[in-house]
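I opened my notebook to look a few things up in this structure. Here is what I wrote down, entry by entry.

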Amino acid sequence: MNQNGVHRAKLWQIAGFALNNTATNLYLFFMNFISYYLVGFVGVGVVLASTIIMNMRIWDGVTDPFIGYVVDKTDSKFGKNRPFMLIGNIILAVFSFLIVHVTHIAPAKSRLLVFIVLYMIYIIGYTFQCVVTKSAQTCLTNDPKQRPMFTIFDGIYNTILFAAIPVLVFQNLIPKYGKFTEAFFHEFWLITAVVSGIFTIIAIIAISGKDRTEFFGLGKPTKIRLRDYWEVLSKNRAIQMLVVSASTDKLALSTQTNAVVVIMVYSIVCGNTAAGGQVAAYTAIPTALMLFFGVGYIARYLGQRKAMLFGSIGGLVTCILSIASFYIFDPTTLRFPGEGFTGWNTFTIVFLVLFLLMKGFTGVSGNIVIPMTADCADYEVYRSGKYVPGLMGTLFSFVDKLISSLSTTIVGLCCAAIGFKDALPTVDTPMSPAIKTVAMFCMYGLLIIGLVCNLIAMKFYPLTKEKMESIQAEIAEIKKKAESASV
């Protein structure tokens, strides 16, 4: 730590710790297919399945503030964050296994109850590990230029993940098993659990050198009360605006990556199931390069707020153009090199370019949120003297999850509105104008709304690059005075 109170992390520490978010995102992808398990194995209707998933996300949000409170109270010999990473990942592995291996063999009348209980415990583990992704940002580094580096690594990992999972599911597992069978869920779970476990171990090692009291806020324990939650929510304008921005984006992106939406867009509207994986594979590296520029240059040198604006404006334009392309050109001509490929055509090229730009821009606006949460936590130290990263991260997640929990319900209600009340659209469902409308709304329409909310929220977000530099200097001065007084 230098004389100005700025402490930096080694590059490998930032790169390694970013895998903690990837570890939980693996389970997020896995659970995107849980609606098919509920409908096919538990025997519930489409709308009920969607409502159950929504309520589980609400439960996820409700647990956040309490777990954040525990994190803020924790300062063990193993650190503040590492115990929650390890325990959380173990719970995720065990209870996701039980959900897809045990629920359907329970007595028919109790299957739904078994599923709900197992899912509720699974979510506690998910929250344990997720809260650390945000809370540990403050102790990892407080250098305004270095903090966005987490977003670069996190964005690259997520880009690879977004490319790999569709390839795994739509070009490997679905062709292998034909449909969503027990064997499909078992193999998908096994891959998820093993890879997530490895990533979690790497992340624990990476944060171990910085998960110490000297890097926590003012460098000393902070007394936290439950009523502090209300004070933060009511007076910290930065976290208020970040919640508005990120939660609406999360709702849109959760809907966009929903398995039903992916099937409607690629299998039904485009008539090419394999494209769901091919598109991600073709755009992974260019998207990562866009993210590297957007965060590596704009966020580091112009500030994280400007990076959010850059991503939001670009994403808004490309989403509107993408919808137009589905009606101007013929989406059934979407084809990539491989079986049945007869050469590049107009729609494929236009779609690929716009998809790449959309993912690049929204990758910047979506991934920059995590280090921005750390800025909000530092702002709270500056504003009130309280170091509450767990509170800040889970307070953010609480509202975020309550809103994003609506994604599965939105998809279910949209499908029910066009006649799919007892079964979800599948790869064999014939194309119709109604399905195309729903697919476009879920793929792009909600995201347009979320990006507009970003622009409005950032107008009132107070933490510019210059403001964060002054905040870090002020915190350093407070530390110096406290150290002088104790001598």
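**Entry 1: a word I need first**

I call a residue buried if its relative accessible area is under 20%. With that in hand I went to helix H3, where Ile34, Ser35, Tyr36, Tyr37, Leu38, Phe41 and Val42 are buried. That makes seven of the nine residues in H3, so I noted the helix as mostly covered. One caution for myself: I am looking at a predicted model.

**Entry 2: the whole chain**

I counted secondary structure next and got 20 helices and zero strands. How much of the chain is buried? Buried residues make up 59% of the 487 residues. I also checked contacts between residues at least 6 apart in sequence: 85% of them join residues at least 24 apart.

**Entry 3: the cores**

Which residues have the most contacts inside the largest nonpolar core? They are Tyr122 and Tyr266, in a core of 84 residues. Helix H19, residues 433-459, gives the most to this core, with 11 residues. I also found a second, separate core of 57 residues, and Ala136, Ala203, Ala206 and Val369 are among its members.

I then listed the contacts of Tyr266, skipping neighbours within four places in sequence. Among them are Gly271, Asn272, Thr273, Leu334, Phe351, Phe355 and Met443.

**Entry 4: Thr273, from the other side**

Thr273 was on that list, so to speak, and I looked it up too. Thr273 sits in the loop between helix H12 (259-269) and helix H13 (275-302). Is Thr273 buried or partly exposed? Its relative accessibility is 24%, so Thr273 counts as partly exposed. Beyond residues up to four places away in sequence, Thr273 touches Phe170, Tyr266, Ser267 and Val427. Phe170 is 103 residues from Thr273 along the chain, yet their C-alpha atoms are separated by 6.9 Å.

**Entry 5: rings**

I found 25 aromatic pairs in the structure. I picked Phe153 and Tyr157, a tilted pair with 6.4 Å centre to centre and 35 degrees between the planes. Why are these two about one helical turn apart? Because they are four residues apart in helix H8 (residues 149-177). Both Phe153 and Tyr157 are buried.

I also marked an aromatic cluster made of Phe30, Phe33, Phe180, Phe184, Phe185 and Phe188. Then I found a charge over a ring: Lys436 lies over the face of Tyr327, at 4.3 Å from the ring centre.

**Entry 6: the largest pocket**

The largest pocket has a volume of about 340 Å³. It is lined by 15 residues, and the closest to its centre are Tyr36, Lys179, Phe180, Leu424 and Thr426. Which helix gives the most to the lining? Helix H3 (residues 34-42) does, with four residues. I had already met two of these names: Tyr36 is buried in H3, and Phe180 belongs to the aromatic cluster.

Thr426 was new to me. Thr426 lies in the loop between helix H18 (406-417) and H19. With a relative accessible area of 33%, Thr426 is partly exposed. Apart from neighbours within four places in sequence, Thr426 is in contact with Ile263 and Ile268. The C-alpha atoms of Thr426 and Ser267 are separated by 7.9 Å, although the two are 159 residues apart along the chain.

**Entry 7: two buried residues in helices**

I started with Ser365, which is found in helix H15 (residues 346-367). Ser365 has 1% relative accessibility, so it counts as buried. What does Ser365 touch, not counting residues up to four places away in sequence? I got Asp249, Met308, Gly311, Ser312, Leu451 and Asn454. From Ser365 to Leu291 is 9.4 Å, C-alpha to C-alpha, with their positions 74 residues apart in sequence.

Then I turned to Cys319, in helix H14 (residues 304-328). Its relative accessibility is 0%, so Cys319 counts as buried. Leaving aside neighbours within four places in sequence, Cys319 is in contact with Met358, Tyr444, Leu447, Ile448 and Leu451. Leu451 is on the Ser365 list and on the Cys319 list. I closed with one more distance: Cys319 and Gly445 are 126 residues apart in sequence and 7.8 Å apart in space, C-alpha to C-alpha.

Note on methods: Residues numbered from 1 in each chain as written. Predicted model: local features only at pLDDT ≥ 70, side-chain atom pairs only at ≥ 80, totals over all residues. Heavy atoms only, no water. Core = buried A, V, L, I, M, F, W, Y, C linked by side-chain atoms within 4.5 Å. Buried < 20%, exposed > 50% of the residue type's maximum accessible area, 1.4 Å probe, protein only. Contact = heavy atoms within 4.5 Å. Phe/Tyr/Trp six-rings, centres within 6.5 Å; stacked < 30°, edge-to-face > 60°. Lys NZ or Arg CZ within 6 Å of the ring centre and 35° of its normal. 1 Å grid on protein atoms, 1.4 Å probe; cavity = no way out; pocket = protein on both sides within 12 Å on 5 of 7 lines; lining within 4 Å. Points joined across faces, edges and corners; volume = space filled by probe spheres on them.
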